[in-house]
Amino acid sequence: MKKPARYLFLAIAVVCLSITSAGADDVIKIGAIFSATGPASPLGEAEKNTALLLQEQINAKGGVMGKKLEIIIYDDESSVDKAVSAADKLLKKDNVVAVVGPSTTPNTLAIEAKFEAAAVPLVSCAAGEKIVVPVKKWVFKTPQSDRLAVARILSHLKSRKISKIAIITVSDAYGQGGREMLKALAPKAGIELTADEVYSPKDTDMTVQLTKIKSTNAKAIVSWGTPQTGSAIVAKNRAQLGMSVPLYLSHGVAARKFIELAGSAGEGILLPAGRLIVADEVPAKNPQKALLTKYVKDYETKFKSPVSTFGGHAWDAVMLVVKAIELGKSDKPADIRANLEKIKGFVGTAGVFNFSPEEHNGLNESAFEMVTIQKGDWKIVK
Amino acid sequence: MYGFKRDMLAVLGFTFFLLIIPRILGNDYYINTLTLSLTHAIIAVGLNLLMGYAGQVSLGHAAFYGLAAYTSAILTTTYSVPLPLGMMSGILVSGVVALLIGIPTLKLKGHYLAMATLGFGVIVYIFFNETIELTGGPSGFGGISRLQVMGYRFASDISYYYLVAFVLAGVVLLSLNLIHSRIGRALRAIHTSETASQISGIDIAKYKVFVFVLSALFAGVAGVLYVHNIAFVAPGSFGFNFSIELVTMVVLGGMANVWGAVIGACFLSILPEFLRVFENIEIVLYGAILIVFTIFLPEGIAGGITKLFLMMKPKRSDAAGKE
């Protein structure tokens, strides 16, 4: 009685295999690695939702080049090791033509080499400049680099004739990336750093660091972090200490969460931000206007939660890959890569992208607006 | 000699089993996950010697793992030290640091080692994060070369898997041998009653320090194997959570059982991969499975398997339940 069972099993296996291989021709498979859980989940969740939203929208319109778009999403749980095994799975098991993500800089840096070796393009959603500087052939990224955000803050400081600033940054990849940039660029812009304070992501009070800053004659404070990693606390402590010098935050706090956490202490803070969070206020003649309003509306109706910049990064990454496929009318990884470099004037949520073989981020300082908080809402600083 | 021969046979069988797994699986995207779980198993075997046999808990083994990884990475990449030398130094650093922590804390009675290693783990984690010039800080340290020994480069994932499998087999054999030796008996005596073993003339502190340093060395071996495989290292992999995960591996697999540590490590490292299909409830299931296992298998998975064997034996003499 054992033998027939074995044959039956074999037959089923063969049928299953033939079914899966038959469907492969009219589907374009894109991989995605996001930190949907773990410490980086505020980033990953919005990115995952956005990818799902886009998959649905694109397929409703007939897919890409008439083929169905399938986005295979893996959660890396904010861990380097999991990101590595997710990359292996996407490259070796799912045989995807391109991958978007991961959400964080270390996870991207950890898997970059695999994409170079496998010759499959990777479009990261992480901020760190190291990802694309120096340029790696197969690696791109969509978020604005720290360098641009820092440059935008410094030029705003200069326009207000402020030449002495204190910086306070969080000791994670994002905060330290910003700190490096501030330390490198501020002296070049003729701005002096009077204090360089660091706090750890789980700290619940930054009064000590701010008191130190208060004792220096800094005319402005620049803080690098995210709402979940202390930026709201910095704003609160600053208000409690009655400090009147302006507070500049990073583009990472551009999420509704920050306004919720900081409350009234958030009023009047300044930050460079992509236009996504101020979509309502963007003038109608701006090329991004239509896209931003549509994305915000679609996202908020589908997921019933406020849109964040991070979701926008995934929007840009997925749409850039789609654009590259349509541009070259080919879904071969090598063609996608070559065509990504040819994309010019692509309007995304983070700004207008112009790629080239030397530029794999494709954004410039104009991607940012200086934004403040007034009466519990984002406002563009004119 | 009977015991040693039996261990030898068991380890040989185990090695053979490890070597044929990739052939059974066919698809090689699993290889890296397997390599990683075997790397974890190396640490777990060491930690099991400490927890299961010497009765001491370490909450900082992720730090020893990380110290070795970072030391080797920095020496070989930044200072262009030859690979074997860098790796040896990495392992050595873990051992020496463990010695420095172990000597004062293991002279005390009670769970002082747990406290000391807990603090130590946190300090090392902060050190990796803050010394940006040296370690690359939170965004990590890249450009590390893959392992190369005497001109042979372990370029493919499968070759690396075989290497780690052989190292694990070596570590297991060494541990089995150790347990069945005079040292092993002394350690078990200490675990049962410190006072009684002291009266029997066992130098408690010496044996505890010895096994603690040995477990740190194993973690170090795992660390250097890890870093020259992934070729990238970030502090996130060596946080407090990972130390806890290691302790869980030992407890879940079965304390005072070398094979238990291996099973526990592989189980915990591979389980999430299988739970992926359940997407959003993945974490809930993971927690539920851990709870069920701890309730129904108080002696760990290895203990459970042994029990199952004993239950089946009187009824059927053939080894039908053998996997």
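Residues count as buried under 20% relative accessible area, as exposed over 50%, and as partly exposed in between. Keep that scale in mind for the views below, which all come from a predicted model.

**Figure 1. A:Ala119, an alanine with a positive phi.** Welcome to the loop between helix 4 and strand 4 of chain A, where A:Ala119 sits. Its relative accessibility is 30%, so A:Ala119 counts as partly exposed. Phi here is about 55 degrees, a positive value even though A:Ala119 is not a glycine. For background, most residues other than glycine have a negative phi, and most peptide bonds are trans.

**Figure 2. A:Met65, a methionine with a positive phi.** This view takes us to the loop between helix 2 (41-60) and strand 2 (68-75) of chain A, which holds A:Met65. The phi of A:Met65 is positive, near 55 degrees, and the residue is not a glycine. With 35% relative accessibility, A:Met65 is classed as partly exposed.

**Figure 3. Two cis peptide bonds in chain A, each leading into a proline.** One of them runs from A:Gly101 to A:Pro102, with omega near -5 degrees. To find A:Pro102, look in the loop that joins strand 3 (98-100) to helix 4 (105-118) of chain A. The other runs from A:Val133 to A:Pro134, and its omega is also near -5 degrees. A:Pro134 belongs to the loop between strand 4 (122-124) and strand 5 of chain A.

**Figure 4. A:Thr142 and its surroundings.** A:Thr142 lies in the loop between strand 5 (139-141) and helix 5 (146-159) of chain A. Its relative accessibility is 0%, so A:Thr142 counts as buried. A polar atom of the A:Thr142 side chain lies 3.0 Å from the backbone oxygen of A:His313. Leaving aside residues up to four places away in sequence, A:Thr142 touches a varied set of neighbours, among them A:Val123, A:Ser124, A:Cys125, A:Asp316, A:Phe353 and A:Asn361.

**Figure 5. Where chain B meets chain A.** Here 25 residues of chain B and 27 residues of chain A take part in the contact. Together the two chains bury about 2,100 Å², and carbon and sulfur atoms account for 52% of that area. On the chain B side, B:Tyr29, B:Ser139 and B:Arg276 give 28% of the area buried against chain A, more than any other three residues.

**Figure 6. Charged and polar pairs across the interface.** Chain B and chain A are linked by 2 salt bridges. In a salt bridge worth zooming in on, the side chains of B:Glu273 and A:Lys89 come together at 3.3 Å, N to O. Polar contacts join 6 residue pairs across this interface, with both residues at pLDDT 80 or more. Several helices of chain B give at least two residues each to the side that touches chain A: helix 2 (31-53), helix 5 (112-130), helix 10 (204-230) and helix 13 (282-296). Helix 2 of chain B gives the largest share, 3 residues. By type, the residues on this side of chain B are 9 nonpolar, 9 polar and 7 charged.

**Figure 7. Confidence along chain B.** The mean pLDDT of chain B is 88, with 96% of its residues at 70 or more. Among its elements, helix 3 (residues 61-77) of chain B has the highest mean, 96, and strand 1 (residues 148-149) of chain B the lowest, 78. Please read residues 319-323 of chain B with their pLDDT in mind: it is below 50, and this stretch makes 2 contacts in the model beyond near neighbours in sequence.

Terms used
Residues numbered from 1 in each chain as written. Chains lettered and ligands numbered in written order. Heavy atoms only, no water. Contact = heavy atoms within 4.5 Å. Buried area = accessible area lost by both parts, 1.4 Å probe. Salt bridge = Lys/Arg side-chain N within 4 Å of Asp/Glu carboxyl O. Polar contact = N/O pair within 3.5 Å; in protein donor to acceptor, adjacent residues only side chain to side chain. Helix = DSSP H or I, 4+ residues; strand = E, 2+ residues; numbered from the N terminus. Nonpolar A, V, L, I, M, F, W, Y, C, P; charged D, E, K, R; others polar. pLDDT = per-residue confidence, 0-100. Buried < 20%, exposed > 50% of the residue type's maximum accessible area, 1.4 Å probe, protein only.
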